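Student: I would like a close look at one part of this model, the place where the first two helices meet. Please take the contact itself, then the charged pairs around it.

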Amino acid sequence: MYCCGSRRWAHRVAAHRPYPDAGALLAAADEASYDLSQADLTEALTAEHSAELDHGAPYAALLALAAAHAEYERKFGHGFVICLDGHPPEEQADQLLGAIRRRMGHEVDEERSISADELRRVAQSRLLDLTRRLTRSEGSSVAESGLFAPVG
């Protein structure tokens, strides 16, 4: 469950293998994400760790983030989930701290919905990362991994 902490999500994505291509895999992952029950979403959010900054981040940012995470988890009952894809490393501290501060003002139901969407985006990012690693890995091809099937 590297990509998403919901067992139902993982089973749904795995059940439809092999996929003809990465686009089909991502579409299936999206569909599985949108179909999560409240219990499945709770399982997935519980399995997530709060988004972190690189250890080279300024100490003040790391302290501020630790305090913000503790407050967020106390209010919402799960780690802060955000997809930072598309933000260069030098902007991630500001993006992360700004987002957690904004989202602290949300009601529980609104934040749960936003967290579900961020979780979907994070799972997509992890799937893309996984497929890239499989295509670069030595010893087995993506076809041998069972993710994709030859088309035709």
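Tutor: What follows covers the helix contact, then the salt bridges, and then a few buried residues elsewhere.

The model is a predicted one. Helix α1 spans residues 7–15 and helix α2 residues 22–34; the two pack at an angle of about 145°, and their axes are 9 Å apart. The crossing of α1 past α2 is right-handed. On the α1 side the contact is made by W9, R12 and V13, and on the α2 side by L25, A28, A29, E31, A32 and S33. Sorted by class, these are 6 nonpolar, 1 polar and 2 charged residues.

R12 and E31, both part of this contact, also form a salt bridge, with their closest N and O atoms 3.2 Å apart. Because R12 lies in α1 and E31 in α2, the pair ties together parts that are 19 residues apart in sequence. R12 is partly exposed, with a relative accessible area of 22%, and E31 is also partly exposed, at 47%.

Helix α1 has a further link, to helix α3. R8 forms a salt bridge with D40, the closest N and O atoms being 3.3 Å apart. R8 lies in α1 and D40 in α3, so this pair ties together parts that are 32 residues apart in sequence. D40 counts as buried at 11% relative accessibility, since the limit is under 20%, while R8 counts as partly exposed at 36%.

By the rule used, the model has 10 salt bridges. One of them joins D117 and R120, at 3.0 Å from N to O. These two residues are 3 apart in helix α6 (residues 108–136), so about one helical turn separates them. R120 is buried at 15%, and D117 is partly exposed at 31%. Salt bridges with shared partners also join R12, E31 and D35 into one network, which leads back to the α1 and α2 pair, R12 and E31.

Away from that contact, E48 sits in the loop between α3 (38–47) and α4 (59–76). E48 is buried, with a relative accessible area of 10%. Apart from neighbours within four places in sequence, E48 is in contact with V81, L119, V122 and R126.

As for cysteines, the count of disulfides is 0. C3 is in no disulfide, and the nearest cysteine sulfur, that of C4, is 8.3 Å away. C3 is buried at 6% relative accessible area, and C83 is buried at 8%.

Key
Residues numbered from 1 in each chain as written. Predicted model: local features only at pLDDT ≥ 70, side-chain atom pairs only at ≥ 80, totals over all residues. Heavy atoms only, no water. Axes fitted to C-alpha atoms, helices over the stretch in contact; angles between N-to-C directions. Helix = DSSP H or I, 4+ residues; strand = E, 2+ residues; numbered from the N terminus. Left-handed = near helix turned anticlockwise from the far one by under 90°. Contact = heavy atoms within 4.5 Å. Nonpolar A, V, L, I, M, F, W, Y, C, P; charged D, E, K, R; others polar. Buried < 20%, exposed > 50% of the residue type's maximum accessible area, 1.4 Å probe, protein only. Disulfide = S-S within 2.5 Å. Salt bridge = Lys/Arg side-chain N within 4 Å of Asp/Glu carboxyl O.
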